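Me: I should like to take a close look at one part of this protein, the charged side chains that pair with one another. Please guide me through it in one connected answer.

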Amino acid sequence: MGKKYLNHEEEVRRYRKRQKILTVIGLTVVVGLIVASFFTEGTVDPETYEPAIYSTFVAVIPPLAAIILALITKEVYSSLFFGIIIGALLYANGNLELGLKTMLYAEDAGLISKLSDTWNMGILVFLILLGIIVALMNEAGGSEAFGHWASKRIKTRVGAQLATFFLGILIFVDDYFNCLTVGSVMRPITDRHQTSRAKLSYLIDATAAPVCIIAPVSSWAAAVTSSVPEEAGINGFSMFLRTIPYNFYALTTIVMILFITSRKLDYGPMKLHEKNALNGDLFTTMARPYGEPEDSDAPKERDMSKGKVGHVIDLVFPVVVLITCCIFGMVYTGGFFEGENFIDAFANADASQGLVYGSMTTLLISFAFYMIRGTLSFKRFMDCIAKGFRLMVAPVLILALAWTLSGMTGMLGLKEFVADLVGGSANSVQMFLPVILFLVALFLAFATGTSWGTFAILIPIVCHVFASPETAHMLAISIAACLAGAVCGDHCSPISDTTIMASAGAQCDHVNHVSTQLPYALTAAAVSAVGFLMAGIIGYTTESDVAMIALPVSLILMVVTLIVIEKVTKKKQTI
């Protein structure tokens, strides 16, 4: 019969139980570390200090603790904070004074240091500006008008989900921009067609990083290009293009979305969310970090004294301007207007600066646009600034904590531990190196929440292992494995920027998004692992075009796996 619809009383009971578990765990950890602090030296020199557990497996404890706590307690803020505390005190060997300084002010790791970083702050400003633009589009009636326009053309839940998918593919420039823009545009439509917020989050997330990592003109292509070391003598952009047909995770994820959407296949926790959405509850759980959804089916009367009735152009114009300005902002930071060609400008772009330039310009143009049309008054426009800021409080807080937790793992040497592990065994397992790199990159991105940082560590190692011209084909396969694993780990991780953005774009509880997405991501990961195992064996034994064999087999295996899941799911329903 499957799981039953969760009522609020049952959810309250579970919530209180999780709170008790979290309280007990928190008190145990804090008391234990306070006791440990009595057995450590009282004063240390932060500049010369290095933890005894540096670059060991212990470095994975803080992020794993935070992830496990978040999935058990459904409390993402406190779970991330506990992970930070554990990481800081592990680094300080229980010394409370050093632990507190590490947690707040450690260079490239502490909370204050992370928030004072210009790149991070640029992303937060972009988030807030985008929240203001979304609030403006809603206040002007653009989102409502677009929803009514789309409802006449999109008649089914399948149509709404496919429209979300195709819009996600069209906005391939940057994953942050993708998540928030697709969410703001499609959320009223998917709400109208009773698609759960968890499913919308998955569709947004699965068309963000997996699409950007195979798009030649994107911030991700620029990041990959810059990760190839100069001494390797390899053109980074050309190498990126060669990895596209080997990026099995991205390509199988796209096939998976088309299959599960067209076949109406849901499994794992997502099945309950979609069932409840059909019954009128888009959230399933009590958590409403962004408030209740608007009743898009109810007739609405606008107060004409506040301005003109909104039209589709009030949404389409700001979105088109935003896409255009963000592209120009990114190539501007890459030197396009100083003589660089478009591709090189993208490769050298600063995504953080470019997105801020683009969103700020869009806000100013939108102001002029709405004022000239008389859609919004000046007061209502200014009110949207505070409203947009409030809209982004949740993702800003989660991002700040996630960055700090990632910084803790860096201070504990997790990246160096993984790099040494891979580099020490690479030469002896070249045949299996692609699948090993895929799994290692997946684990590292999952634990640290950063895909860019993951392939920045692993790609130089791969370039060193396959430095000879005879192994050029294996180099492309192995770099693709790094990229695919990093995207997969990023896709699964609760502390990933993109995962947080997808929750914000869909206005879905973050833990709900993570728990419902995991089965889908792990299914694609399992198929991708088989693909990289096959590609490694074929590439090691022959120099033929591996992609012509491995890619079709991987895509067919993805479809066969989903058919089996579909049959098993339907069989359980009939029992």
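Is Glu 274 buried or exposed, and what is its relative accessible area? Please also explain which residues are linked with Glu 274 in a network of salt bridges.

Reply: The model is a predicted one. Glu 274 has a relative accessible area of 3%. Because buried means under 20% relative accessible area, Glu 274 counts as buried.

The partner of Glu 274 may be considered next. Lys 199 forms a salt bridge with Glu 274, and their closest N and O atoms are 3.8 Å apart. This pair links distant parts of the chain, since Lys 199 belongs to helix H10 and Glu 274 to helix H15, with their positions 75 residues apart in the numbering. Lys 199 is itself buried, at a relative accessible area of 1%.

Lys 199 also takes part in a salt bridge with Asp 266, where the side chains meet at 2.9 Å from N to O. Here, too, distant parts of the chain are linked: Lys 199 is in helix H10, which covers residues 197-206, while Asp 266 is in the loop between helix H14 (248-262) and helix H15 (269-278), and the two residues are 67 apart. Asp 266 has a relative accessibility of 11%, so this residue is counted as buried.

These pairs belong to a network of salt bridges that links Arg 157, Lys 199, Asp 266 and Glu 274. As a general principle, side chains of opposite charge can pair when their charged atoms come close.

A further pair offers a useful contrast in setting. Lys 570 and Glu 566 form a salt bridge, with 3.7 Å between the closest N and O atoms. Both residues lie in helix H27, which comprises residues 547-574, and they are 4 residues apart, about one turn of the helix. Glu 566 is buried, with a relative accessible area of 5%, whereas Lys 570 is partly exposed, at 46%. The label for Lys 570 follows from the cut-offs, because partly exposed lies between the 20% limit for buried and the 50% limit for exposed.

In total, the structure holds 10 salt bridges. Among them are the pair of Lys 199 with Glu 274, the pair of Lys 199 with Asp 266, and the pair of Lys 570 with Glu 566. To return to the request, Glu 274 is a buried residue, and Arg 157, Lys 199 and Asp 266 are linked with Glu 274 in the network.

How values were computed
Residues numbered from 1 in each chain as written. Predicted model: local features only at pLDDT ≥ 70, side-chain atom pairs only at ≥ 80, totals over all residues. Heavy atoms only, no water. Salt bridge = Lys/Arg side-chain N within 4 Å of Asp/Glu carboxyl O. Buried < 20%, exposed > 50% of the residue type's maximum accessible area, 1.4 Å probe, protein only.
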